[in-house]
Structure formats: structure tokens, C-alpha cells
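Q: Please take a close look at the salt bridges here. Then carry on to the ligand site.

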Amino acid sequence: MPLTDTRNDLGDADANAQDADAIVRHYRSLCTAQVSSAMLFQSAAGCHVRDAHGRDYLDFLSGFGAASTGWRHPRVMERSRAQSERDLFAPPVLATREGAELAHMLLEVLALPEGWRVVRAAGGADANEQALKAASSLAAARDRPGPHRFVCFERAYHGGSLTTLALSDRVTLSLGPASAGHPHPRFPLPATSSDVTQIESLIERDRSVAGVILEPVIGSGGVFPIAVEALRALRDCCTRHGVSLIFDEVMTGCGRVGAMAASHMLDVTPDALTLGKGLSGGTAPLGAALLCPELAHHACRDADTTSTFAWTPFACAVTLENLAVIEDENLAPRAALHGQALRVALAHALNSAFGDLVQVRGVGLMVGASVRAVGRNDWDSGVIRRIVVRCLKEGLIVGASWDWKHLLLLPPLTISLEQCDEGVAKIARAALATARGR
Ligand code: PMP
């Protein structure tokens, strides 16, 4: 289809309805990304999304957690309109009022100790890159020569850039300087402090290790919280050997787990903490790496480069408003409460369909669920795939881990208890229909 045809169609809702599939095909023919669904969004508000056919969906995914305050929150929209009439863009070499306000607010809401600093980033992967650069620079200063390696974990995801992807468990990368012949050491998620012993002996003997990067709750890998005892042991281990502990809170941050950061809740302070996704409420790309004083010193000295699009005044303004909404509407404690109710109801619904083959996990409004395969020691990806598709037919958007083994629920933090019940009723119907056909 010629591009001009698509443009015309995009301007017209009825034509959209007819041509949603054609647009997806057209997109696939032009872009390398394999968009996985023929669903075309037409509009979204709060916890609801409408597709090109005019069908409404309750959204239990919120753009993988990006729309933290729900789609098009009125306050965020108002701020975005007001900012559009002022500065939209400033190159990152310039200081902006909005940027200074946002850095101040982030350090305040995250209640980080004195001397912590912010590195601006254009998104989650970029924020992780900034933290890794600083950790690498500090390691070199501490007589740990590069090229550096970072301890990472099974089922982790840290982004789509070369280094962050090499630290993720999603793909086996055989390209690029970060991974070629020099893979990052990957461990199973530690469940106890004794599981950290192996990691510690590697850090002790291998001076190329500059740090450890982890998601306090594994997110798109299927929602697996790392045991607090293991996190504390990792903290002690990194301190003992002078390497950096980086918490990737791109998914767990900004209220999602029931606190502004998982590190708060767990009372474990990393050396660097990264944020993205829910920061701006899905309105503009923005990320941040928060660094302890020593890392901040090295970030300034050796690695002070960021993206052209990091922290534009527009992105900062909408993020300031979005964070203010999270605070004013008490969305973090609400996420803890509603998440607990959601997990209980979900476990009941899935147990009714699959009995004790079900496992439901999560913290706050980050919820995962899996069903054991019959006669195999694995999770059943076919069942999760069918539940996801049936939920869509029921008018509910849910997600899955990249290998389809785990159901992924990340509703907007504004979700009400009634909407939690409504969504779970849809999942229950989808699960029962799937169990019958098993
Ligand atoms: N870290 C985590 C934990 C994530 O979930 C993601 C995105 N799924 C990223 C990093 C990458 O963020 P972005 O897509 O904004 O680069």
C-alpha cells in the first residue's frame, strides 16, 4: 500500500476500522520491528483503550507500565498543552528550568542520601547505559581494568541497546564489542544469601567485573521478585569488593510496586538506580539514572554525554506533572493495596480453571501468573498465549513474558478495585475456556 493511502486512512476513523490490518501489514513491510498485533489504537483515556473498530478494552497493561497515571490524565494533558506553547526542545548542553525542577523532584521523592546526582536519559535503556558507564569508570579508577563485565541474571531485561541487550536474558547476542568473546556472567536469580557466594567468588577473582545489575522484581521476564535476603547479601558483597550495585527500576519505579522505588520498600540502597517507563505517564520519552556521590563524580569526569532527546523541556514538564499526580493521588500506597486484592482474586480465578498448577506472584501492581504444563517440568506457554488472546476478545488487554510462559499484568496505578474485579472476571472466563480446551 502506498504511504499516501495510509495517511488518508489514518485521518478517518471508519476507514481505520476497515484498514487496521492493512496498516499493520504496511508497517511490517517498512519497519524491521515485527509488531505482534493487528490492533490499532484509536483513543485512550484512564484505564480504557478504544481500537480502530470502536471496541473498548479495559487496559491491564498500560503500555508495559508506561501509562502510570492512566492514559491522558487530565492534569498531565493540561501541562502538556501549556508546555507546547512554550519550549518543546532544548539541546542537552543547555540548562533548563524544567530540567532543574525535575532533578530536584526526583532526588526528593526518592529520598536519596545527600550527594546523589541525576544523569538525564531518553528512556530506560539509555538510563541503564548511563549507570553502566559511570560504574565502568569508577571500576577503572579502583584498579579494575576494562573491558568491563557486569554480573546479570536469568530472565532479566535491561533494554534494546547493545550493552543492555547483552545483559538481558532475552536473546543470545553474538554481535558487538560488549559481548563478543567477552560475555557478561549471568546467574540464576539468587533465592538466599548463600546463593550469592558463587557471585562473590567470581567478583573476587575476576577484576574485569565492574558491578552487578538487576531488576529488584524481574519484569518483562515474568514478574519474579528477588528475595530480600539475597539482595542484602549482594549489597554487602558489592560494598566489600568496591564494585557498583545497579538497580534497574525502569519497571518497578514510580509507584508501581507500592513505593516510589522497590529499593525503598526493601530498604536496600543501591549505588545507582535507573528509572524510565512510568516517569512521564507515557506522554514523552524520558529516563533517569540516579547515582551515588562516587559514581556521580566519575560520570561527570569521563562519561558526560547523553542523547539529544534526553530531558527536553516538554518531557520534563509532563514528567513533573505526572510525578505530582502520583504523589497527590497517593498512587503508590494505592498500588500496594489494589495489587494485593488483584493477586488474591486472580489466584482464585486461575485456581478454579487449573487447580494447583497455578502460581501467582507480584508486588504492588506488578503481577505475574503461570500455569504448569501437564506431564512436563515447565510452564505452559500455549495456555498463556490462549488466555491473552481470549482476554482481548473479552475486552481486556493483558501481557505476557517474551516466551509466553508467564502472564503479565501492569494496570495503570489509577485502577479502581471495581475495575480490578471486572478485569479478573474476564480473565476467569478466558481461563475456564482455555482449561476446557486443554
Ligand atoms: N529495564 C527494564 C526493567 C524494562 O522493563 C525496560 C523496558 N521494557 C527497559 C529497561 C528498557 O526501557 P526502554 O524501552 O525505555 O529503553
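A: Start with Arg-86. Its relative accessibility is 46%, which makes Arg-86 partly exposed (buried is under 20% relative accessible area, exposed over 50%, partly exposed in between, with a 1.4 Å probe and protein chains only). This is a predicted model: local features need pLDDT of at least 70 and side-chain atom pairs pLDDT 80 or more, while totals for chains, interfaces and linings use all residues. Numbering runs from 1 along each chain as its sequence is written, and side-chain values use heavy atoms, without hydrogens or water.

Arg-86 has a salt-bridge partner in Glu-98, at 3.5 Å from N to O (a salt bridge is a Lys or Arg side-chain nitrogen within 4 Å of an Asp or Glu carboxyl oxygen). The two come from distant parts of the chain, 12 residues apart. Glu-98 belongs to helix 5, residues 97–109, and Arg-86 to the loop between helix 4 and helix 5 (helices, H or I of at least four residues, and strands, E of at least two, are DSSP runs numbered from the N terminus). Glu-98 is buried, and its relative accessible area is 4%. So the pair sets a buried Glu-98 against a partly exposed Arg-86.

Next, Glu-321 and Arg-75. Their closest N and O atoms are 2.9 Å apart, and they form a salt bridge. Glu-321 sits in helix 12, residues 313–328, while Arg-75 sits in helix 4, residues 74–84. The two residues are 246 apart in sequence, so their pairing ties those parts together. Glu-321 is buried at 13% relative accessible area. Arg-75 is partly exposed at 30%. This pair also belongs to a salt-bridge network, in which Arg-75 and Glu-321 are joined by Arg-79 and Asp-328.

A further salt bridge joins the side chains of Arg-186 and Asp-169, at 3.2 Å from N to O. Here too the pair links distant parts of the chain, with the two positions 17 residues apart. Arg-186 is in strand 6, residues 186–187. Asp-169 lies in the loop between helix 7, residues 162–166, and strand 6. Both ends are partly exposed: Arg-186 has a relative accessible area of 33%, and Asp-169 comes to 24%. The full count is 14 salt bridges.

Now the ligand site. The residues around the ligand include Gly-123, Gly-124, Ala-125 and Asn-128 (a heavy atom within 4 Å puts a residue near the ligand). Also among them are Tyr-157, His-158, Gly-159 and Glu-215. Asp-248, Val-250, Met-251 and Lys-277 are on the list as well. Helix 6, residues 124–141, contributes the most to this shell, with 3 residues.

Look at the atom pairs. A polar backbone atom of Gly-124 is 2.8 Å from a ligand oxygen. Ala-125 also offers a backbone N or O atom, 2.8 Å from an oxygen of the ligand. Lys-277 works through its side chain: an N or O atom there is 3.2 Å from a ligand nitrogen. The protein buries 79% of the 390 Å² that the ligand exposes when taken alone (areas by Shrake-Rupley, 1.4 Å probe).

Notes:
A polar contact is a pair of N or O atoms within 3.5 Å; within protein, one must be able to donate a hydrogen and the other to accept it, and residues adjacent in sequence count only if both atoms are side-chain atoms.
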